[in-house]
Amino acid sequence: MTGDAGPISRPAARDVTIARAGLRDLAAVLAIERRCFAGDAWPLLDVIGVLAWPEVVRFKAIVEGRVVGFAAADPHHRGGAAMIATLAVVPEYRRQRIAWRLLESCEAALGARRICLTVRADNEGAQRLYEEFGYRVTDSLPRYYADGAAGIFMEKDHRAS
Ligand SMILES: CC(C)(COP(=O)(O)OP(=O)(O)OC[C@H]1O[C@@H](n2cnc3c(N)ncnc32)[C@H](O)[C@@H]1OP(=O)(O)O)[C@@H](O)C(=O)NCCC(=O)NCCS
């Protein structure tokens, strides 16, 4: 049979493994950051920091031995709140609940506490994901990003969910 059969090589979510990430994942995480965030991608030193800092909570998503997603959270961000610092899934593995599982793992590892994050105001997909997770907009951050785009500050009381 000929014709476009769609993305048949996409694995089902059950083939995804979520595991703790560390410095050995530097090259993979750097590539994910650059691919997923473009001009907002963290520089090398920040990626090394997030992978090496002992207290940071970090998880990777693996499919067939390849790291396809990454999330990290700072348990001691500000005022007793934790912060989701980064969350990304490479384009060909999106909409398979991989970010969902990474976020779930981060929240579980952070424990019961208030969690916050910042997302671009023009990133409606990520905002929808966070809203479904129980995060609510509590502030707006004009010209927060390097290209002048606004940011949105979202928070969740993990104990209440
Ligand atoms: C945002 C991102 C992490 C989502 O990853 P993902 O693995 O595709 O997300 P999930 O499959 O877990 O999505 C779960 C739900 O969130 C919502 N969602 C996620 N991405 C969405 C999008 N682009 N548009 C609308 N809703 C979206 C949907 O409700 C989705 O459920 P559904 O697929 O059953 O409709 C991914 O698109 C990405 O890496 N983007 C670039 C980096 C980024 O923006 N990171 C967040 C910065 S704060």
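Two residues are taken to be in contact if their C-beta atoms, placed from the backbone, lie within 7 Å. The structure is a predicted model, in which local features need pLDDT of at least 70 and side-chain atom pairs count only at pLDDT 80 or more, while totals for chains, interfaces and linings use all residues. Residues are numbered from 1 along each chain as its sequence is written.

Helices (H or I, at least four residues) and strands (E, at least two) are DSSP runs numbered from the N terminus. Helix H1 (26–37) comprises 12 residues and reaches 16 Å from its first C-alpha to its last, close to the 16 Å expected at 1.5 Å a residue; the expected span is 1.5 Å times one less than the number of residues. A residue is termed buried if 20 or more other C-beta atoms lie within 10 Å of its own, exposed if 12 or fewer, and partly exposed in between, with C-beta atoms placed from the backbone. By this criterion, Val29, Ile32 and Glu33 are the buried residues of H1. They cover an arc of only 100 degrees around the axis, which puts them on the same side of H1; the arc is that of the directions from the helix axis to the C-beta atoms. The face turned away from this buried side carries the exposed residues Ala27 and Arg35. Cover for the buried residues of H1 includes helix H2 (44–52), strand E3 (66–78) and E4. Just after H1, Ala38 adopts a positive phi of about 45 degrees.

Strands are considered paired if DSSP finds at least two bridges between them. Strand E2 (residues 57–63) pairs with E3 in the antiparallel sense over seven bridges, and Val63 has Arg66 in E3 as its bridge partner. These two strands form a hairpin with two residues between them, and Glu64 in the turn has a positive phi of about 50 degrees. E3 and E4 likewise run antiparallel and are joined by seven bridges; here the bridge partner of Phe70 is Ala88 in E4. Two residues lie between the strands of the E3 and E4 hairpin, where Gly79 takes a positive phi near 55 degrees.

The ligand is surrounded by 19 residues, of which Arg94, Ala99, Trp100, Gly125 and Leu129 come nearest; a residue is counted as near a molecule or strand if its C-beta atom, placed from the backbone, lies within 6 Å of it. At least two residues of the shell are supplied by each of H1, strand E4 (81–89), helix H3 (98–110) and helix H4 (124–132). H4 provides the largest share, five residues. By class, the shell contains 11 nonpolar residues (Ala, Val, Leu, Ile, Met, Phe, Trp, Tyr, Cys and Pro), five charged (Asp, Glu, Lys and Arg) and three polar (the others, Gly among them).
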